Amino acid sequence: MDYIIVAFRSRSHTIKFANILREQGFAMEIINTPKEAGVGCGLSVKFRKESFEMAKRLVLMAGLTTFAGFFSVKEIGGKRFVRSV
């Protein structure tokens, strides 16, 4: 399973961005930030890779100052691989 997460250093910004995605009709989920990412407030927004370009634009437009980064997550055989994108 491959997906993208966006991490913030603020729980309120995480929730705000999740609401922005929801309002735009994107399938998303608030999840615990994978420890392998090593950033953020403990919560991230998970969404499909196909939504990445639009999510990047929405982060810039929203001006959320606690943005910590986007991460690609790949799960293979019970192991999780996380890298910054």
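Which residue forms a salt bridge with Asp2 where the closest N and O atoms are 3.9 Å apart? Lys49 does, a salt bridge being a side-chain nitrogen of Lys or Arg within 4 Å of a carboxyl oxygen of Asp or Glu. Asp2 sits in strand E1 and Lys49 in the loop between E3 and H2, 47 residues apart. The model is a predicted one, in which local features need pLDDT of at least 70 and side-chain atom pairs count only at pLDDT 80 or more, while totals for chains, interfaces and linings use all residues. Residues are numbered from 1 along each chain as its sequence is written, and side-chain values use heavy atoms, with hydrogens and water left out.

Now for the sheet. Its five strands (DSSP runs of E, at least two residues; helices are runs of H or I, at least four, and both are numbered from the N terminus) line up as E2-E3-E1-E4-E5 in an open, antiparallel arrangement. Strands pair if DSSP finds at least two bridges between them. Strand E2 (28-32) and strand E5 (79-84) each have a single partner strand, so one side of each has no neighbour in the sheet. Between E1 and E4 (residues 67-76) there are seven bridges, and Ala7 stands opposite Gly69 in E4.

Next, the inside. The largest nonpolar core (buried Ala, Val, Leu, Ile, Met, Phe, Trp, Tyr and Cys residues joined through side-chain atoms within 4.5 Å) has 16 residues, and Phe47 and Phe70 are among those with the most contacts inside it. Buried here means under 20% relative accessible area, exposed over 50%, and partly exposed in between, with a 1.4 Å probe and protein chains only. Strand E1 (2-8), helix H1 (11-23), strand E3 (43-47) and helix H2 (52-62) each put in at least two residues. Leaving aside neighbours within four places in sequence, Phe47 is in contact (heavy atoms within 4.5 Å) with residues including Val6, Leu21, Phe52 and Phe70.

Lys46, also in the list of E3 residues, is buried yet has no salt bridge; Glu29, the nearest side chain of opposite charge, is 4.0 Å away. For charge, Lys and Arg count as positive and Asp and Glu as negative, with His and the chain ends not counted.

Back to the salt bridges, of which the structure holds five. Asp2 also meets Lys74 in one (3.9 Å, N to O). Another joins Glu36 and Arg80 (3.2 Å, N to O), linking the loop between E2 and E3 to strand E5. Shared partners join Asp2, Lys49 and Lys74 into one network.
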